[in-house]
Structure formats: C-alpha cells, structure tokens
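Visitor: I'd like a close look at one part of this fold, the place where two helices pack together. Could you walk me through it and then show me how it connects to its surroundings?

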Amino acid sequence: MGSEYTLEKKKIGKLTVNVGGMFSGKSSELLRQERRYTLANKVVFSVKPKIDDRYSKQGIVTHDMNVLTSEVVRSSEELRKQFYMQNPRPDVVLIDEIQFFDKGIIGVIEQFIADGIDVVAAGLDMDRFGKPFGVTPHLMAIADHVQKLHAVCADCGEDAWISYGMFVADEEIVIGEREKYLPLCRACFMERTADHRIPSSSQ
Ligand SMILES: [Zn+2]
C-alpha cells in the first residue's frame with residue numbers, strides 16, 4: 001500500500017511425499033492426487049524410473065490395475081531434461097518409485113520447487129530389512145507434507161510396518177510381486193526374524 005511497485009510474491013512449489021511399504025496404496029494415492037490436480041486444470045507431468053518393468057512400460061500401474069500414464073526415465077538428469085522440454089510447462093510433477101532414483105533427484109526436486117512447481121513423490125520408505133531406502137528419508141525430511149501409508153499385516157491384521165521379503169538374496173533391490181513380499185507389522189516382522197525365517201542385513 002502506498003508503494004508504486006506491486007510486489008508479487010514469487011510462487012514457490014510444495015513437496016508432498018507418500019511413503020509406505022508395498023501394497024500400502026502409494027500408487028493409488030498418487031493417482032488420486034493426479035485426478036485432483038487435473039480437476040483444478042493443472043498440467044501434470046508423471047514420471048517413474050526405468051527399473052520397474054512390471055505390468056507396463058509406460059504407466060504407473062497400481063496393484064488394482066489403474067493406470068496413470070507416465071514417462072519412464074533412466075536418471076534424475078533425464079527427468080530434469082524431459083520436464084523442461086514439456087510444452088506447456090507442467091504445474092505439477094508426480095514421481096513414483098522415488099526410492100530407485102539417484103541422489104541427483106534431490107537437487108532436481110529443489111529446483112522444481114524454486115520454480116513454483118508442486119512435486120508429489122511416492123515410494124518405499126524402507127527396504128525389506130527395515131533400513132531407510134535411498135533418497136526417500138532425505139525427501140521426507142525436506143517435504144512440506146509427508147503421508148505414511150500402511151498395508152495390512154498378513155499375520156495379524158494390524159497396520160503393516162514393512163514389506164517382508166520372502167526370498168533369500170543379497171541384493172537390496174528385488175523387483176517383486178505379491179508372492180515375493182508380505183506386509184507385516186513390526187511385531188510379526190520381529191517374530192519371523194527371530195525365527196530366522198528371514199536373512200538379516202545387520203550381521
Ligand atoms: Zn502383525
């Protein structure tokens with residue numbers, strides 16, 4: 001008021017992170033958020049990393065087979081380049097399977113936010129041993145909103161805490177489906193671990 005300049009506050013984006021184990025509804029939640037942005041006439045750019053080949057090469061596919069059409073990229077740098085090539089420029093970036101991205105994704109997301117673009121990222125918060133997974137914990141820390149989703153424990157029906165890997169393998173990344181992972185609450189996970197029915201990462 002009284003100033004000859006109209007100072008408009010620069011629009012800054014927001015970061016929302018949906019995390020949880022497998023079957024906790026992360027991708028369905030991403031789809032729901034996509035619908036809401038679309039209803040608000042926002043241009044949405046959906047993307048996921050190349051590593052996930054299940055069901056479809058182009059869609060973010062939820063376990064109940066709903067499809068969110070998305071770009072597949074091999075790195076955070078490719079994501080950045082693809083985004084800035086879009087015309088019209090998207091208002092929102094939705095990223096699925098965020099845990100599989102390289103560390104560069106953090107800087108790319110920060111750049112989007114500074115440019116006024118909302119980012120919604122979904123992914124696993126922990127690996128099958130209960131250890132924080134990739135870039136997810138960092139993004140949870142810097143997010144505006146974090147939503148932690150839960151599957152149902154297959155042993156007791158409580159909120160699941162982890163995706164229990166029903167296989168013996170050294171690698172942290174095993175792209176698997178229902179027959180390979182079981183959602184378990186912390187108590188049931190500890191019980192199974194104590195029974196040595198799962199290989200532990202910490203010994
Ligand atoms: Zn349980």
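Guide: Happy to. In this predicted model, helices α2 and α3 pack with their axes 8 Å apart and at an angle of about 25 degrees. Angles under 35 degrees count as roughly parallel, and α2 and α3 are therefore roughly parallel to each other. The contact is made by S76, E77, L79 and R80 on the α2 side, which meet G104, I105 and V108 of α3.

Let's take α2 by itself. This helix covers residues 76–85, and S76, L79 and F83 are buried in it. Looking down the axis of α2, those buried residues fall within an arc of 55 degrees, so they line one face of the helix. The spacing fits a general rule: an α-helix has 3.6 residues a turn, so residues three or four places apart point the same way. On the other side of α2, K81 and M85 are exposed. The buried residues of α2 pack against α3 (104–114), and also against the strands β2 (44–49), β5 (71–73) and β6 (92–95).

Now the partner. In α3 the buried residues are I105, V108, I109 and F112. Down the axis of α3 they fall within an arc of 100 degrees, so here too the buried residues line one face of the helix. G107 and A114 are exposed on the other side of α3. The cover over the buried residues of α3 includes α2, the strands β1, β6 and β7, and helix α4 (136–142). Just after α3, G116 takes a positive phi of about 85 degrees.

The loops around this pair hold some backbone geometry you may want to inspect. As background, most residues other than glycine have a negative phi, and most peptide bonds are trans. Between α2 and β6 there is a loop that contains P88, and the peptide bond from N87 to P88 is cis, with omega near 5 degrees. Further along, E97 sits in the loop between β6 and α3. E97 is not a glycine, yet its phi is positive, about 55 degrees. E97 counts as buried because it has 21 C-beta neighbours inside 10 Å.

Next, the core. The largest nonpolar core has 28 residues, and V93, V119 and A121 are those with the most contacts inside it. At least two residues of this core come from each of β1 (15–20), α1, β2, α2, β6, α3 and β7 (118–123). V119 shows how α3 is tied in: leaving out residues up to four places away in sequence, V119 touches I109, F112 and I113, as well as G13, L15, V93 and I95. Apart from this core lies another, of 13 residues, including A151, C153, Y181 and L182.

V120, in strand β7, leads us to α1. V120 is buried, with 25 other C-beta atoms within 10 Å. With residues up to four places away in sequence set aside, V120 touches T16, N18, L30, Q33, V92 and L94. One of these contacts spans a long stretch of chain: V120 and Q33 are 87 residues apart in sequence, while their C-alpha atoms are 8.3 Å apart in space.

Helix α1 itself covers residues 26–39, and its buried residues are K26, S27, L30, L31, Q33 and E34. Seen down the axis of α1, they fall within an arc of 165 degrees, so they line one face of the helix. R35, R36 and L39 are exposed on the face of α1 turned away from its buried side. At 1.5 Å a residue, the 14 residues of α1 should span 20 Å, and its end C-alpha atoms are indeed 20 Å apart. In the loop between α1 and β2 lies N41, which has a positive phi near 60 degrees without being a glycine. N41 counts as exposed because it has 7 C-beta neighbours inside 10 Å.

Finally, the wider setting. The protein chain has five helices and 10 strands, and buried residues make up 34% of its 203 residues. Of the contacts in the chain with a separation of 6 or more, 73% join residues 24 or more positions apart.

Methods: Residues numbered from 1 in each chain as written. Predicted model: local features only at pLDDT ≥ 70, side-chain atom pairs only at ≥ 80, totals over all residues. Buried ≥ 20, exposed ≤ 12 C-beta atoms within 10 Å, placed from the backbone. Helix = DSSP H or I, 4+ residues; strand = E, 2+ residues; numbered from the N terminus. Arc of directions from axis to C-beta. Contact = placed C-beta atoms within 7 Å. Expected span 1.5 Å × (residues − 1). Core = buried A, V, L, I, M, F, W, Y, C linked by C-beta atoms within 7 Å. Axes fitted to C-alpha atoms, helices over the stretch in contact; angles between N-to-C directions. Parallel < 35°, antiparallel > 145°, perpendicular 65-115°, else oblique.
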